[in-house]
Amino acid sequence: MPEILVIAHRGASGERPEHTLESYRLAIEEGADYIEPDLVMTKDGVLVARHENEIGGTTDVAMHPEFAMRRRTQVIDGETMTGWFTEDFTLAEIKTLRARERLPELRPQNCVFDGRFTIPSFVEILELATETNRRRGGSARIGVYPETKHPAHFTGIGLPLEQAVLDALHRHAYSADDSPVFIQSFDPQNLRLLHGMTRLPLLQLLEHELGDLAAIAQYAVGIGIAKHLATPEGIRAAHAANLKVHVWTFRAENEFLPKDLQVGTSPAAHGNLEAEIRRFLERGIDGFFVDFPAVGVRVRNAYISAVQPLHQPLTDTTLPGNRLQGR
Ligand code: G3P
Ligand code: CA
């Protein structure tokens with residue numbers, strides 16, 4: 001049976017403010033195979049974990065009068081954004097900020113952590129991974145699944161992400177061919193560039209359509225697709241193109257679940273995430289991004305235990321004919 005990866009989406013972001021060391025640490029404790037940092041860059045060229053370079057939504061920067069003048073509007077990847085941007089801050093300045101829950105209405109329980117956790121650099125995340133691996137001794141290393149965010153924008157302002165990502169992975173022993181790493185991006189140009197720079201596995205993120213899978217297979221080992229694209233036909237087509245299929249994003253709140261798996265009427269209440277994950281496992285996906293890694297690990301392990309016997313190769317002693325002959 002091929003492995004099915006549980007990828008902790010922004011850490012255990014259903015239970016802690018996303019992209020904090022505490023969120024990643026909890027995901028590791030819960031048994032996730034990979035932790036997923038989205039990466040952007042500071043003014044002084046340091047990779048930090050944020051879902052986007054605008055940090056007004058996930059930090060307390062608005063409460064810092066000393067940074068009030070940094071608020072501005074700019075166009076990023078064709079979208080007009082107003083707020084505070086990582087490229088206008090040094091790492092030292094970013095470190096004076098504290099993380100806040102992105103979805104306070106859906107995840108009010110996480111707001112108790114607002115103001116308590118710092119914004120981690122990619123290096124700090126890799127140090128957490130290294131420390132985890134040291135404690136684990138010889139058993140499986142924690143995987144790291146970085147996403148380059150807005151790579152064209154960062155290249156355009158003289159802060160390219162690619163070499164910095166590769167250098168950091170290399171310095172933390174995550175650059176060998178068999179290292180548990182995937183580098184992901186929505187930007188095919190970025191992945192093509194990375195393909196010429198590293199042998200680490202690359203993964204093409206897709207949101208609206210599957211596109212030319214054969215072309216993607218030239219530079220990527222897999223696709224990371226939105227749930228609506230993960231139809232049985234889509235998964236079959238990707239596998240036929242020799243691409244792994246990782247699916248995003250599995251979340252427990254009713255807001256993110258299909259109608260038939262919601263429980264109660266509150267968008268924030270938790271519905272039947274287990275059943276949703278099982279549906280996709282049964283379609284043959286190779287991994288999934290989940291905000292609640294403990295649920296993902298539990299469902300994945302139960303699924304593998306249930307189907308494994310069906311996949312065991314028949315041996316001489318288990319072949320029906322041989323069993324009869326032995327009697
Ligand atoms: O990287 C997989 C998934 O995380 C893509 O979506 O927007 O959460 O980074 P996003
Ligand atoms: Ca991501």
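The largest pocket holds about 300 Å³ of space, a pocket being an open set of points on a 1 Å grid over the protein atoms alone, with protein on both sides within 12 Å along at least five of seven lines. Of its 15 lining residues, the closest to the centre are Glu 52, Asp 77, Glu 79, Lys 149 and His 150; lining residues have an atom within 4 Å of a point. The model is predicted: local features need pLDDT of at least 70, and side-chain atom pairs count only at pLDDT 80 or more, whereas totals for chains, interfaces and linings use all residues. Residues are numbered from 1 along each chain as its sequence is written, chains are lettered from A and ligands numbered from 1 in the order in which they are written, and side-chain values use heavy atoms, with hydrogens and water left out.

**Pockets**

- Strands β6 (79-83) and β8 each contribute at least two residues to the lining of the largest pocket; strands (E, at least two residues) and helices (H or I, at least four) are DSSP runs numbered from the N terminus.
- The lining of the largest pocket comprises four nonpolar, five polar and six charged residues. In this classification, Ala, Val, Leu, Ile, Met, Phe, Trp, Tyr, Cys and Pro are nonpolar, Asp, Glu, Lys and Arg are charged, and the others, Gly among them, are polar.
- The second largest pocket has a volume of about 210 Å³. Arg 10, His 51, Lys 149, Phe 186 and Trp 248 are the closest to its centre among 15 lining residues.
- Volumes are the space filled by probe spheres set on the grid points, which are joined across faces, edges and corners.
- Four nonpolar, four polar and seven charged residues make up the lining of the second largest pocket.

**Cavity**

- One cavity of 30 Å³ or more is present in the structure, where a cavity is a set of points at which a 1.4 Å probe fits but cannot get out.
- The largest cavity encloses about 50 Å³.
- Its lining is formed by Arg 10, Ser 13, Glu 18, Glu 101, Arg 102, Leu 103, Arg 107, Arg 251 and Asp 291. By class, these are one nonpolar, one polar and seven charged residues.

**Calcium site**

- Glu 36 (OE), Asp 38 (OD) and Glu 147 (OE) are the protein donors of the calcium ion (ligand 2), at 2.1 to 2.4 Å from it. Donors are N, O and S atoms within 2.8 Å of the metal (3.2 Å for Na, K and Ca), and sites may look incomplete, water not being among the atoms.
- In sequence, the spacing of the donor residues is E-x1-D-x108-E. Glu 36 in strand β2 (residues 34-36) and Glu 147 in strand β8 (residues 147-148) lie 111 residues apart, a pair that links distant parts of the chain.
- The site has six donor atoms with angles of 56 to 162° among them and is irregular. That term covers anything outside the following limits: four donors are tetrahedral if all angles lie between 85 and 135 degrees, while four are square planar and six octahedral if opposite donors are over 155 degrees apart and all others between 65 and 115.
- Both Glu 36 and Glu 147 are buried (buried means under 20% relative accessible area, exposed over 50%, and partly exposed in between, with a 1.4 Å probe and protein chains only).

**Helices**

- In helix α5 (residues 162-171), Glu 162, Val 165, Leu 166, Ala 168 and Leu 169 are buried. They lie on the same side of α5 because they cover an arc of only 165° around the axis, the arc being that of the directions from the helix axis to the C-beta atoms.
- His 170 and Arg 171 are exposed on the face of α5 turned away from its buried side. Just after α5, Ala 173 adopts a positive phi of about 60°.
- Helix α8 (residues 232-240) has Gly 234, Ile 235 and Ala 238 as its buried residues. Their arc around the axis is only 95°, so they share the same side of α8.
- Glu 233, Arg 236 and Ala 240 are exposed on the other side of α8.

**Backbone features**

- Asp 77, in the loop between β5 (72-76) and β6, has a positive phi near 50° though it is a residue other than glycine. Asp 77 counts as exposed because its relative accessibility is 51%.
- His 150, in the loop between β8 and α4 (151-156), is not a glycine but has a positive phi of about 50°.
- The peptide bond from Trp 248 to Thr 249 is cis, with omega near -10°; Thr 249 belongs to strand β12 (residues 244-250).
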